[in-house]
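Visitor: Please take me through this model, one short question at a time.

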Amino acid sequence: MTPLIKRNTTTPKTKSEIFSTCLDNQPGVLIRVYEGENARTKDNNLLGRFQLAGISLAPRGVPRVEVTFDIDANGILNVSASDKTTGKSTRLTVTNDKGRLSKEEIEHMVSEAKKYKAEDNAAAARIQAKNDLEAYAYNLRSSVKKLEIAINETISWLDNSQKASQEEYDNKKKE
């Protein structure tokens, strides 16, 4: 979960952030909008969700999806998501009259967040470590694929260039 607008922020307020996909050739992304003070979504209040479909198919981490939160002076929240490559976009509007927490519920949630802050921080650190390792593994896989391609291209060039000069072999090696 990535908090974009913190509690008690003055309104109106607009905040955007760029996100990406977590899978290769992912055709869309699901945007969930929460209110709450906790690091984990399960401990917060889901305000709504929407799907941005038809994003450009690419390796994980390549697509760029801009998510914008806009709270107007009346407390109405507009959340939009747009694929920076295709230009496709969609939005969600959350008003004050449906699905929102009461003042008492908010205070209880703040109290719980303080109480479990250490646990939430440990969970967030664990998730970040997992995400970092996963990104590292995917980068390694991508590097290995590129290396395999380079090896295969070089072997193919060698097979077709049996009578190349020493200079051609040296130049090919520098590539």
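Visitor: What is the relative accessible area of Lys84?
Guide: Under 20% relative accessible area counts as buried, over 50% as exposed, and in between as partly exposed (1.4 Å probe, protein chains only). Lys84 is partly exposed. Its relative accessible area is 44%.

Visitor: From what number are the residues of each chain counted?
Guide: This is a predicted model: local features need pLDDT of at least 70, side-chain atom pairs count only at pLDDT 80 or more, and totals for chains, interfaces and linings use all residues. Side-chain values use heavy atoms, with hydrogens and water left out, and residues are numbered along each chain, as its sequence is written, from 1.

Visitor: Which residue meets Lys84 in a salt bridge?
Guide: A salt bridge needs a side-chain nitrogen of Lys or Arg within 4 Å of a carboxyl oxygen of Asp or Glu. For Lys84, the N to O distance is 3.1 Å. The partner is Glu66.

Visitor: How many residues apart in sequence are Lys84 and Glu66?
Guide: Helices (H or I, at least four residues) and strands (E, at least two) are DSSP runs, numbered from the N terminus. Lys84 sits in the loop between β5 and β6, and Glu66 in strand β4, so their bridge ties together separate parts of the sequence, which lie apart by 18 residues.

Visitor: Is Glu66 buried, partly exposed or exposed?
Guide: Glu66 has a relative accessible area of 22%. That makes Glu66 partly exposed.

Visitor: How far apart are the closest N and O atoms of Glu134 and Arg60?
Guide: The structure holds three salt bridges. One of them joins Glu134 of helix α2 (residues 117-160) to Arg60 in the loop between β3 and β4, 74 residues apart. Their closest N and O atoms are separated by 3.5 Å.

Visitor: Which residue forms a salt bridge with Lys172?
Guide: The N to O distance here is 3.1 Å. The partner is exposed, with a relative accessible area of 71%. Lys172 meets Glu175.

Visitor: In what order do the strands of the open sheet lie?
Guide: Two strands pair if DSSP finds at least two bridges between them. Four strands do so here, with antiparallel pairing. Their order is β1-β4-β5-β6.

Visitor: Which strands stand at the edges?
Guide: An edge strand here has a single partner, so one of its sides has no neighbour in the sheet. That holds for β1 (13-19) and β6 (89-94).

Visitor: What is the average twist from one strand to the next?
Guide: Axes are lines fitted to C-alpha atoms, for helices over the stretch in contact, and angles run from 0 to 180 degrees between N-to-C directions. From strand to strand, the twist averages 15°.

Visitor: Which residue in β6 is the bridge partner of Ser80?
Guide: Strand β5 (residues 77-83) runs antiparallel to β6, and six bridges join them. In β6, Ser80 has as its partner Arg91.

Visitor: Which strand gives the most to the largest nonpolar core?
Guide: A nonpolar core is a set of buried Ala, Val, Leu, Ile, Met, Phe, Trp, Tyr and Cys residues joined through side-chain atoms within 4.5 Å. The largest has 17 residues, and those with the most contacts inside it include Ile31, Phe69 and Leu77. β2 (28-35), β3 (45-53), β4 (65-71), β5 and β6 each supply at least two residues. The top giver, with four residues, is β4.

Visitor: What is the relative accessible area of Thr21?
Guide: Thr21 lies in the loop between β1 and β2. Contact means heavy atoms within 4.5 Å; beyond four places in sequence, Thr21 is in contact with residues including Val29, Ile55 and Arg60. Thr21 is buried, at 6%.

Visitor: What is the angle between the planes of Trp157 and Tyr169?
Guide: Rings of Phe, Tyr and Trp (its six-membered ring) pair if their centres lie within 6.5 Å; planes under 30 degrees apart are stacked, over 60 edge-to-face, and the rest tilted. Trp157 and Tyr169 are 5.7 Å apart, centre to centre. Trp157 belongs to helix α2 and Tyr169 to helix α3 (residues 166-174). The pair is edge-to-face, at 90°.

Visitor: Which residue does the cis peptide bond from Thr11 lead to?
Guide: Omega of this bond is near 0°. The residue lies in the segment before β1. Its name is Pro12.
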